[in-house]
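Good morning, colleagues. Thank you for making time for this short presentation; may I ask you to bring the structure up on your screens.

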Amino acid sequence: MTVEPGVRVGQQQSDATVIERSWDEPEAFAVLFDRHAESVHRYAARRLGTDVADDLMAETFAIAFQRRHRYNSERADARPWLFGIATNLVGRHRRAEARRFKALAKLPADDAPGQHDGVADQVAARVSAHGVRRELAGALSRLSARNRDVLLLVAWGDLSYEEAASALDVPVGTVRSRMHRARSTLREALGGSDPTAFREESSHE
């Protein structure tokens with residue numbers, strides 16, 4: 001069964017419709033939380049750790065609720081909007097995020113914590129180099145904030161380039177150029193392996 005973006009099986013209303021409904025029925029906004037809170041929390045935890053993720057996820061939805069009257073109802077799927085809010089909140093923790101990746105880069109490969117899913121696990125599945133997770137974490141810490149945002153929205157937020165552009169409110173060409181720079185940095189750090197090839201195949205260029 002094919003499900004349109006922003007629509008879940010058994011739920012006929014798109015995210016946009018739910019948001020519009022919440023204008024007059026604020027309690028309806030809980031549907032949006034039920035649909036997307038888990039993915040927003042997972043994204044926040046990967047970037048900043050579980051200690052921060054709970055608060056960041058809650059604040060993301062609090063801000064979204066406050067701004068729901070400004071939502072562009074032509075966009076059926078609210079994920080890019082929510083991930084954009086979450087990414088802006090991550091921006092308040094830039095130093096903490098960089099410290100986190102630097103700390104992970106120093107861990108022995110076999111001692112990496114369970115947070116290494118997403119990109120790291122995808123890379124580990126494609127290349128057999130020992131310690132690739134450490135190398136990846138170190139490379140992520142060296143990326144500029146803008147390039148890291150784009151890379152992780154695509155890789156960990158599972159957004160297309162167009163959706164990432166919407167989340168960050170930048171042209172899709174800007175997303176492509178930032179992604180290219182981020183991939184080049186990571187490819188060099190991983191000895192030529194492309195850590196985003198798995199996602200590239202399904203991105204809309």
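I shall speak about two pockets and then about the helices that pack beside one another around them.

Please bear in mind throughout that this is a predicted model.

Let me begin with the largest pocket, whose volume is about 280 Å³. Two elements each give two or more residues to its lining, namely α4, residues 79-90, and α9, residues 161-168. The largest share, four residues, comes from α4. Among the lining residues are Trp-81, Gly-84, Ile-85 and Asn-88, and also Ser-166 and Ala-167. The lining further includes Arg-67, Arg-70, Tyr-71, Asn-72, Arg-75 and Asp-169. How does this lining divide by class? It holds four nonpolar, four polar and four charged residues.

The second largest pocket has a volume of about 150 Å³. Of the 10 residues lining this pocket, Arg-75, Ala-76, Asp-77, Pro-80 and Glu-163 are the closest to its centre. Here, too, α4 and α9 are the elements that give two or more residues to the lining. By class, the lining of the second largest pocket has six nonpolar residues, one polar and three charged. Arg-75 appears in the linings of both pockets.

I turn now to the packing of these two helices. The axes of α4 and α9 lie 7 Å apart, at an angle of about 50°. α4 is therefore oblique to α9. The crossing of α4 past α9 is right-handed. Which residues of α4 and α9 meet? On the α4 side they are Arg-79, Pro-80, Gly-84 and Thr-87, and on the α9 side Glu-163, Ser-166, Ala-167 and Leu-168. This contact divides into three nonpolar, three polar and two charged residues. Gly-84, Ser-166 and Ala-167 take part in this contact and also line the largest pocket.

Finally, α4 packs with helix α2, residues 30-48, at an angle of about 35° and with the axes 10 Å apart. The crossing of α2 and α4 is likewise right-handed. From α2, the contact involves Leu-32, His-36, Ser-39, Val-40, Tyr-43, Arg-47 and Leu-48. From α4, the partners are Arg-79, Trp-81, Leu-82, Phe-83, Ala-86, Thr-87 and Val-90. Nine residues of this contact are nonpolar, three are polar and two are charged. Trp-81, which meets α2 here, is also one of the residues lining the largest pocket.

To close, α4 contributes to the linings of the largest pocket and the second largest, and it packs with α9 and with α2. Thank you for your attention.

Technical notes
Residues are numbered from 1 along each chain as its sequence is written. This is a predicted model: local features need pLDDT of at least 70, side-chain atom pairs count only at pLDDT 80 or more; totals for chains, interfaces and linings use all residues. Side-chain values use heavy atoms; hydrogens and water are left out. On a 1 Å grid over the protein atoms alone, a cavity is a set of points where a 1.4 Å probe fits but cannot get out, and a pocket is an open set with protein on both sides within 12 Å along at least five of seven lines; lining residues have an atom within 4 Å of a point. Grid points are joined across faces, edges and corners, and a volume is the space filled by probe spheres set on the points. Ala, Val, Leu, Ile, Met, Phe, Trp, Tyr, Cys and Pro count as nonpolar, Asp, Glu, Lys and Arg as charged, and the others, Gly among them, as polar. Axes are lines fitted to C-alpha atoms, for helices over the stretch in contact, and angles run from 0 to 180 degrees between N-to-C directions. Angles under 35 degrees count as roughly parallel, over 145 as roughly antiparallel, 65 to 115 as roughly perpendicular and the rest as oblique. A crossing is left-handed if the near helix is turned anticlockwise from the far one by less than a right angle, and right-handed if clockwise. Contact means heavy atoms within 4.5 Å.
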